[in-house]
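Me: Hi! I'm new to reading protein structures, and I'd like to go through one with you. Could you show me how to look at it, feature by feature?

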Amino acid sequence: METEYAIIGGGVVGLSVAWGLLKRGLTVTVLDGDDGSFRASRGNFGLVWVQSKGMNQPRYARWSQQSAAIWAEFAEELGHNTGQPVPLEQKGGYDLHFSEATLEATVAKYNDLKTKLDGDYPFEVLGHNALRKEEPQIGPKVVGAILHHQDGHANPLKLLKSLAADVRRMGGRVLTGKTVTDVTKPDGFRLACADGTTVGAGKVVLSAGLGAAALGPKLAFRAPVRPQRGQVLITEKLPKLINRPSLIARQVDEGGIQIGATNEEVGTDDRVTQPGLSGLAAEAIAAYPALARAQLVRSWGALRVLSPDGLPIYQESAEFPGAYLVTCHSGITLAAAHARLLPDWLEATKAAPDLEVFSETRFAVS
Amino acid sequence: MKPDSPFLDLETAPRVAVSIDGAPLELPEGANLAAALLAAGVTVFRHTPVSGAPRGPFCMMGACFDCLVDIDGFTRQACMIEVSQGLRIIRPRDLGADDVDA
Amino acid sequence: MSTHDLIVIGAGPAGMATASKAADLGLTVAVLDEQPRAGGQVYRDVDRVAALRGDILGADYTQGATLTAGLHHQAIEHVPGATVWAIEDGFRVSYTRAGRGAQIAADRILLATGALERPMPLPGWTLPGVMTAGAGQILLKQSGVLAKSAALVGCGPLLYLIAAQMVRAGTPPVAMIETQTRSDLIEAARHVGGALRGWPYMLKGLKMLAEITRAKVPRYPGATEIRIEGTDTAEAVSFVHRGRAHRIACRTVFLHHGVVPNTQAARSLGVSHRWHAGQSCFAPRLDVWGQSDVTGVFIAGDGAGIGGAKAAELAGRLAALKVAEESGRLSTDERDRQAAPLRSAHARELAARPFLDRAYPPFAGALAPEDATVICRCEEVTAGDIRGHARLGCLGPNQAKAFSRAGMGPCQGRYCGLTVTSLLAAANGTSHDETGYYRIRPPLKPVTLGELATLEHSAPDTAE
């Protein structure tokens, strides 16, 4: 066998899994796409986020918390190994509200979830004045916010770069410009690429984002993932204006304000639109009026990889044991879990996390 | 007093009062702001937010964004602005530094 | 939102010629231009300046006034000072004018966005005082501002033009540090047949060289290892000429080694481009009328491939004929009849190009800069960074952008894009076409969030 693991997809999800496997001394080959591939890894919002996750599935909230809790040491190790720090800030994040009614409704849901999580859901509600003390630039239209102390944000591009560097440093083989067209299992797994490359592997991890929809059935996965467009804005670099991130805006470590994001069901059209950009700009200004003078320098549309319920899918193929589907929307938040906890599940060790609720059998037609 | 400029100015349009970093300056009315500042001996227009490196006009056609200055709280390309009475020009500095000398 | 038959972006020679021809043929035209007055870069501010400095700038400049006059047509709405930041299907064009957002629509659009200076990343090229030769010319044309102590670095006709103009104005350059070599000239001689058909250009070139020589401007052809020295501003240019190291003190440096099509707007619309080996740049794929592979999108002038002002004007008229025919204002026979003389004139204008492209090739030292040289001016990314990212698996500039931030700044990659593509192509052993280019998205130029927010929009859903 050429490699113990073949990882299909060289984004943050695939590289995080590869990194974790390499750390255990396993041999890994990553098959990555090209410059034009859809890459949520370089289009995302960069949050390492807990609040609002798993409102109907506490296990998902817990999984996000587990990852957030070990993110700092994961980032530290990557930075140490590669000499390229992965900026991370975990001093809490906001859910900003423009109406008392939505704020109260959200708080009620958070309290329910907190009970289910045995009280481990550290959030507090800030009224406008309390919020203003924390965020002097907050606008009068913001009635309050939920500050969740387990939230934070990272530099997702530096994470991607450090993973790409460290996977190679640890001896991972990364094949670029590859489109996997077929996977068979005559004995071990055999992966065929569009350019004629073939790779033999003991196990296969399908972490190809939207690519999993087409490739999944070859390994008897349903892989019910669909694209959802998010338009994102980023301003010129500015002096410190925002202290903590929110779903509306965050100030990145380089100084720009990142503003997001739309949720649009438009297939694989990843363009930006003037109405989309304008709507995001208006909301960001409502939250932080000083942003009205900021120059927008870049915008992009990226495609979320969404399952029907928005939660991750972790599934071993029933028909082809040794083939795993790993896909999620929150590849940044879950990167640490994928790097440090998921290998135990792939290797079926005693420490394997219980990921049963994330099986794709939950989407079975009943 | 006008600092020694590396440029010679052929035009003699009437001058209007503007300010740069709070200091008064007279520039030809209606002139291209970047050109007028160069002719007035201003060579460094800003320090970059990335490394604090000094920059001045490079392309003079609105493409390179090196002549960025702050006008009334907005970042603007000096080469795309015409001089008018009372213009308040602030030269952007390194985001982290307070005492960069221009 | 007002609607026209045709929107023209850019009021240089191509844009002005397209607009006036299309208006003559009965179309309603809007011309959006970033500058406060028509002319583009080549005829910048010509209506005002021709009388002031026509003697220094020459007839090739003052003749632009006939084109600007063509914009005074009742079917043409000329919108100066308009910075276009988005062009979307439909076509809906969003632009900023006097700090306010506005939109305009048309079924067809012609991009006449002209050329940019080819990026010339040399050590020290980001220092204040270092500018493009085009910038030097704009300073002279529009503002009457002349560099008292400038070194000219690079190669090509524009470098000689600005040198000759500086001589005429009484401020000759302190030196011409030229990058073309004798073997470039020998190689170019193979194309001299074509060049002879373009003899008026060759004559002008020789006349300019004679002016420069008479003024005793020192020339250093075949210079290598060029670097600009200085701490807060440019102080000197150092280089090697015929095996000897030189250092020439100066306060201004004008760089030039050719111009390249400004493809930002076309790329944002998804127009396909291909590598033009002869001109070492990407150019849009167009048919003989300047129509791109995106229906309704036409491109004329240097943005379609470098041809100069006269060729731009002719290409603009050809495109206008096609647009008029498609809009039912002209039969195909009449279109073709009118096109024939324009086509032969266009071919004559381009005849000298292969010779010039060969005689003055881009400077190798700037196409493959040393590792420490900054290649992305906005984000201060070096050539070595890009080479390192090729080793991390970056096959193309969009991956390299994510890893390095090259191309993420306000200039949107205008002054690093070609360098990044070339560096990756060299590092990966791929062609320029395989390597590709940045994906260009709105905003084409920065726009304030406040202005964006005033335009029509739907409320965003903030659910993650």
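Here we talk through interfaces, helix pairs and a single residue.

Reply: Happy to! Keep in mind that this is a predicted model. Let's start where chains meet.

Me: How many residues of chain A are in contact with chain C, and how many of chain C with chain A?

Reply: There are 54 residues on the chain A side and 44 on the chain C side. The size of an interface is often given as the accessible area lost when the parts come together. Chain A and chain C bury about 4000 Å² between them, and carbon and sulfur atoms account for 56% of that area. On the chain A side, the three residues that supply more than any other three are A:D35, A:Q274 and A:R298, with 17% of the area chain A buries against chain C.

Me: What area is buried between chain B and chain C?

Reply: About 3400 Å², with 59% given by carbon and sulfur atoms. In this interface, 36 residues of chain B touch 47 residues of chain C. B:F7, B:F58 and B:M61 lose the most area to chain C on the chain B side, together 20% of what that side buries.

Me: Now the helices. At what angle do α6(C) and α9(C) cross?

Reply: Picture a line along each helix. For helix α6 (residues 157-168) and helix α9 (residues 199-214) of chain C, the axes come within 9 Å and cross at roughly 50 degrees. An angle that is neither roughly parallel, roughly antiparallel nor roughly perpendicular counts as oblique, and α6(C) and α9(C) are therefore oblique to each other. The crossing is left-handed.

Me: Which residues of α9(C) does α6(C) meet?

Reply: They are C:M208, C:L209, C:E211 and C:I212. From α6(C), the partners include C:Y160, C:L161 and C:V167. By class, this contact has nine nonpolar, no polar and two charged residues.

Me: How does α1(C) pass α11(C), in a left-handed or a right-handed crossing?

Reply: Right-handed. The axes of helix α1 (residues 13-24) and helix α11 (residues 309-326) of chain C come within 7 Å and cross at roughly 35 degrees. Among the residues that meet are C:A14 and C:K21 in α1(C), and C:E313 and C:G316 in α11(C). This contact has eight nonpolar, two polar and three charged residues.

Me: Last one: where is C:D336?

Reply: C:D336 sits in helix α12 (residues 332-350) of chain C. Its relative accessible area is 36%, so C:D336 is partly exposed. C:P362 is 26 residues away along the chain, and the C-alpha atoms of C:D336 and C:P362 are separated by 37 Å.

Conventions
Residues numbered from 1 in each chain as written. Chains lettered and ligands numbered in written order. Predicted model: local features only at pLDDT ≥ 70, side-chain atom pairs only at ≥ 80, totals over all residues. Heavy atoms only, no water. Helix = DSSP H or I, 4+ residues; strand = E, 2+ residues; numbered from the N terminus. Buried < 20%, exposed > 50% of the residue type's maximum accessible area, 1.4 Å probe, protein only. Axes fitted to C-alpha atoms, helices over the stretch in contact; angles between N-to-C directions. Parallel < 35°, antiparallel > 145°, perpendicular 65-115°, else oblique. Left-handed = near helix turned anticlockwise from the far one by under 90°. Contact = heavy atoms within 4.5 Å. Nonpolar A, V, L, I, M, F, W, Y, C, P; charged D, E, K, R; others polar. Buried area = accessible area lost by both parts, 1.4 Å probe.
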